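Open the model in your viewer and keep the selection tool at hand, as this tour goes from one stop to the next and says at each what to select.

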Amino acid sequence: MDQDELTVEGLLILLATALCIDPSRMNKDTSANDLNEWDSLGTINIITTLEEGIGIKFDILDIPLLISVDSIIELLKTKGYSLRSEDQ
C-alpha cells in the first residue's frame, strides 16, 4: 500500500486484523487499555502487520508509542504517512 493510499478506515482494518478482532471494535479513540487482545503479543502483531501491509519500518524506540490508534496515527505522520478519511 502506497503512503498516499492509507486511510484511517484502512488502518483500523489493519489493526483489527493484527489483533484478530472485528473491525467494528476499533475506532480512533481505541487504546491498548480497551482491548484484552492488545497485549504485548498484540503489539508485535500490529508491528508485523503494519510493516508488511504498508511498508513502514519501526525502530525499537517506536514500540512504546504503539498504545492507541491515535498514537499510531501520530507516529505514522512522523514517518511521512498522511492518513485521510475515506470520505475525503
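In which sense, right-handed or left-handed, does α1 pass α3 in a crossing? Keep in mind from the start that this is a predicted model. Select α1 and α3 together and turn the view until one lies in front of the other: α1 passes α3 in a right-handed crossing, and the axes of the two helices come within 11 Å and cross at roughly 120°.

Now show the side chains between these two helices, where V8, L11, L12 and L15 in α1 meet V69, I72, I73 and L76 in α3. Sorted by class, this contact of α1 with α3 holds eight nonpolar residues, with no polar and no charged ones. An α-helix has 3.6 residues a turn, so residues three or four places apart point the same way.

Stay with α3 and colour V69, S71, I72, I73, L75 and L76, which are buried in this helix. Among what covers the buried residues of α3 are α1 and α2.

Next, widen the selection to the largest nonpolar core, which has 27 residues, and look for L11, M26, L50, I72 and L76, the ones with the most contacts inside it. The elements that give two or more residues to this core are α1 (8-19), α2 (40-54) and α3 (69-78), and α1 supplies the largest share, eight residues. As a general background, nonpolar side chains in soluble globular proteins tend to be buried together.

From this core, pick out M26 and display what surrounds it. Not counting residues up to four places away in sequence, M26 touches L12, L15, A16, L19, I21, L35, W38 and V69.

Move then to the segment before α1, where you will find T7. T7 is buried, with a relative accessible area of 7%, and its side chain reaches the backbone nitrogen of G10 at 2.8 Å.

Follow the chain to the loop between α1 and α2 and select C20. Is C20 buried or exposed? With a relative accessibility of 69%, C20 counts as exposed, because the cut-off for that word is over 50%. Look at the backbone here as well, since the phi of C20 is near 55°, a positive value in a residue other than glycine. Most residues other than glycine have a negative phi.

The next stop is D62, in the loop between α2 and α3. At 8% relative accessibility, D62 counts as buried, because that word applies under 20%. Which residues is D62 in contact with, leaving aside its neighbours within four places in sequence? They are K57, L75 and K79, and a polar contact of 3.0 Å joins the side chains of D62 and K79.

Go on to the stretch just after α3, where G80 takes a positive phi of about 95°. In the segment after α3 you can also select R84, which is partly exposed, with a relative accessible area of 31%. To finish, add L6 to the selection and draw a line between the two C-alpha atoms: R84 and L6 are 78 residues apart in sequence, and 6.9 Å apart in space.

Definitions and conventions
Residues are numbered from 1 along each chain as its sequence is written. This is a predicted model: local features need pLDDT of at least 70, side-chain atom pairs count only at pLDDT 80 or more; totals for chains, interfaces and linings use all residues. Side-chain values use heavy atoms; hydrogens and water are left out. A nonpolar core is a set of buried Ala, Val, Leu, Ile, Met, Phe, Trp, Tyr and Cys residues joined through side-chain atoms within 4.5 Å. Buried means under 20% relative accessible area, exposed over 50%, partly exposed in between (1.4 Å probe, protein chains only). Helices (H or I, at least four residues) and strands (E, at least two) are DSSP runs, numbered from the N terminus. Contact means heavy atoms within 4.5 Å. A polar contact is a pair of N or O atoms within 3.5 Å; within protein, one must be able to donate a hydrogen and the other to accept it, and residues adjacent in sequence count only if both atoms are side-chain atoms. Axes are lines fitted to C-alpha atoms, for helices over the stretch in contact, and angles run from 0 to 180 degrees between N-to-C directions. A crossing is left-handed if the near helix is turned anticlockwise from the far one by less than a right angle, and right-handed if clockwise. Ala, Val, Leu, Ile, Met, Phe, Trp, Tyr, Cys and Pro count as nonpolar, Asp, Glu, Lys and Arg as charged, and the others, Gly among them, as polar.
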